[in-house]
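Good morning, and thank you for coming. Please look at the sequence and the structure as they appear, and keep both in view while I speak.

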Amino acid sequence: MAEKTTRIRAAWVVGYRDGDHCLYADGEVVYQGDKILFVGHDYPGHVDEDMNVGNSMVGPGFIDVDALGDLDTTVLAFDNQPGWRKGRIVADDWQRRDLCTREQLDFAKRYAYSQLLRNGITSFAPITSILYREWAEDFDEYLYAADVAESLGARAWLGPAFMAGYYVTDAAGHFSRREDSVRAQRGLDEAQRFFMRLRQRGVPTLSGMLAPDRIEGGDAQWLADLAALAGELACPTRLHCCQSELEINEIARRYHGKSSLEVLENVGLLNQRMLLPHGQFLGGAQPDPLRIAQDIERLARSGATVVACPLVSGRHAKYLEQYPQLRAAGVNMALGTDTFPPDMFSNMHLGVILTRVVTGDITAASSADYYRMATIGGAQALGRDDLGRLAPGCQADMMIVSLTQPALGQIFDPIAALVLSGNGRDVTGTIVAGRKVYWEGDMVQAGYDLAELHAESQRVFAHLLRSYPERTVNHPPLAEIVPPTFPLHCRGNTNE
């Protein structure tokens, strides 16, 4: 029996022609099963279901290659710095242990993956924090993650985070590294075992990836072993790189002054399957124009992807100063949310603004540039030219965004309007592989209640908050780690 053919009509449809997105006013997109048949005007064939979503835009689903996969505690650092004093690097006298139950970890995935789909993100590669772990993620945890992604109908690239070491701090802010070679090897082994299990599972919307935590968490042997495994599996590999001053200083100290990208190139980890958040510190610990240009050339030559995360980067006062040079060199760039909210519209808006600010050039980036990063760039990073665009033969992964919200202002161009004033809450429908996964407030496939998830997320977040004094250097009370914005007065306060 032939699969159902569906047509969606909308005030605007984002199609794909001649190698780039295009706009169809009063357009339509037709798909059968999980494949798109037609995008444009006046489809001549038979359809089984006809939907008119009215004053909306239908576009390709967003692709988030550094997606928040749990509850986000980086938000605590927004007004509370420096991070090492506030529990972002653990105290050197703290004995690491798992601070969350398996039930809490599992819940966090249900919550986070639902939020991604709610925001029009149809393909994602999640990242979860390992700050609250005895070590890192494990095989069984990610089997459950695969169950959640499949139940929701999401398209996901999954793999447990693993590392060879982590950093601790003393009261003076001196960092030192803790290593465990046995656990480092176990992490590599479990990552490979999970990849093979997911392949055997045979779910078309689920793919394996390698998710090593960050470059400074490894050592020379671990990086070499990672390169060998990445070559063997030939899958996307995401490694946070060029992200922080701690990282570039440590890499320079441990690798004879080299930049992070130079280390990756030397070990064989720079290639077209490599995804590199955040790309902010090019040229190493002592950058100059030549060293920065050499790093950009490394990226261009390798085909690796720089994953920009504007919202979280902007919160931490650092962004891609070399965006124009990276683009001019032909470096592929994609987007990640990496924080809450997982809102691509906010990230595109802020990305354009930050690019213009750090370069001092109003023409340095446009709405179209960042929309491509959120769609085509992510598809290229994952090696999937059937994603990130609406064209015949591509996957029927799309989102419907309402243009009726007064907060959007006047619509003169749907992409520009949404980048300027849009919000993930404007998404009314998300379709993956031709199936509705989020529709008008409901998680259609899994049946999760978003209000119930939100209420439970507050309880789990409060549990994480209570763990901060034991993890934080000098172990201050929570009120000192995360003080209220203004003086707090509670009912029954005797000072009132």
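Let us begin with Thr237, which is located in strand β15, residues 237–238. Strands here are DSSP runs of E with at least two residues, helices are runs of H or I with at least four residues, and both are numbered from the N terminus. I should say at once that this is a predicted model, in which local features need pLDDT of at least 70 and side-chain atom pairs count only at pLDDT 80 or more, while totals for chains, interfaces and linings use all residues. Residues are numbered from 1 along each chain as its sequence is written, and side-chain values use heavy atoms, with hydrogens and water left out.

Is Thr237 buried or exposed? Thr237 is buried, because its relative accessible area is 3%. Buried means under 20% relative accessible area, exposed means over 50%, and partly exposed is in between, with a 1.4 Å probe and protein chains only. Which residues does Thr237 touch, leaving aside its neighbours within four places in sequence? They are Leu210, Pro212, Leu226, Ala230, Arg273, Met274 and Leu275, where contact means heavy atoms within 4.5 Å.

Strand β15 belongs to an open sheet of 4 strands, ordered β15-β16-β17-β18, with parallel pairing. Two strands pair if DSSP finds at least two bridges between them. The edges are taken by β15 and β18 (332–335), each with a single partner strand, so one side of each has no neighbour in the sheet. Inside this sheet, β16 (residues 274–277) and β17 (residues 305–308) pair in the parallel sense over 3 bridges. One of the partnerships joins Leu275 to Thr305 in β17.

Helix α11 lies across β16, β17 and β18, and runs at about 110 degrees to β18. Axes are lines fitted to C-alpha atoms, for helices over the stretch in contact, and angles run from 0 to 180 degrees between N-to-C directions.

Helix α11 also has a helical partner. The axes of α10 (residues 344–359) and α11 (residues 367–381) come within 9 Å and cross at roughly 130 degrees. That angle makes α10 oblique to α11. Angles under 35 degrees count as roughly parallel, over 145 as roughly antiparallel, 65 to 115 as roughly perpendicular, and the rest as oblique. The crossing of α10 and α11 is right-handed; a crossing is right-handed if the near helix is turned clockwise from the far one by less than a right angle, and left-handed if anticlockwise. From α10 the contact uses Met344, Met348, Gly351, Val352 and Thr355, and from α11 it uses Ser367, Tyr370, Tyr371 and Ala374. These residues divide into 6 nonpolar, 3 polar and no charged. Ala, Val, Leu, Ile, Met, Phe, Trp, Tyr, Cys and Pro count as nonpolar, Asp, Glu, Lys and Arg as charged, and the others, Gly among them, as polar.

In the loop between α10 and α11 we find Thr363. Thr363 counts as exposed because its relative accessibility is 60%. Thr363 and Pro324 are 39 residues apart in sequence, and their C-alpha atoms are 9.7 Å apart in space.

A second helix pair is formed by α4 (residues 220–233) and α6 (260–267). Their axes come within 9 Å and cross at roughly 55 degrees, which makes α4 oblique to α6. This crossing, too, is right-handed. Leu223, Ala224 and Ala227 of α4 meet Val263, Leu264 and Val267 of α6, a contact of 6 nonpolar, no polar and no charged residues.

Helix α6 leads us to α5 (residues 245–254), whose buried residues are Leu246, Glu247, Ile248, Glu250, Ile251 and Ala252. These pack against β11, β12 and α6. Just after α5, His256 takes a positive phi of about 55 degrees.

Strands β11 and β12 are part of an open sheet of 3 strands, in the order β7-β11-β12, with mixed pairing. Strands β11 (residues 165–169) and β12 run antiparallel and are joined by 5 bridges, and Thr169 has Phe175 of β12 as its bridge partner.

Finally, we turn to β1 (residues 5–17), which is joined to β2 (residues 20–32) by 12 bridges, the two running antiparallel. They form a hairpin with 2 residues between them, and Asp18 in the turn has a positive phi of about 55 degrees. Tyr16 stands opposite His21 in β2.
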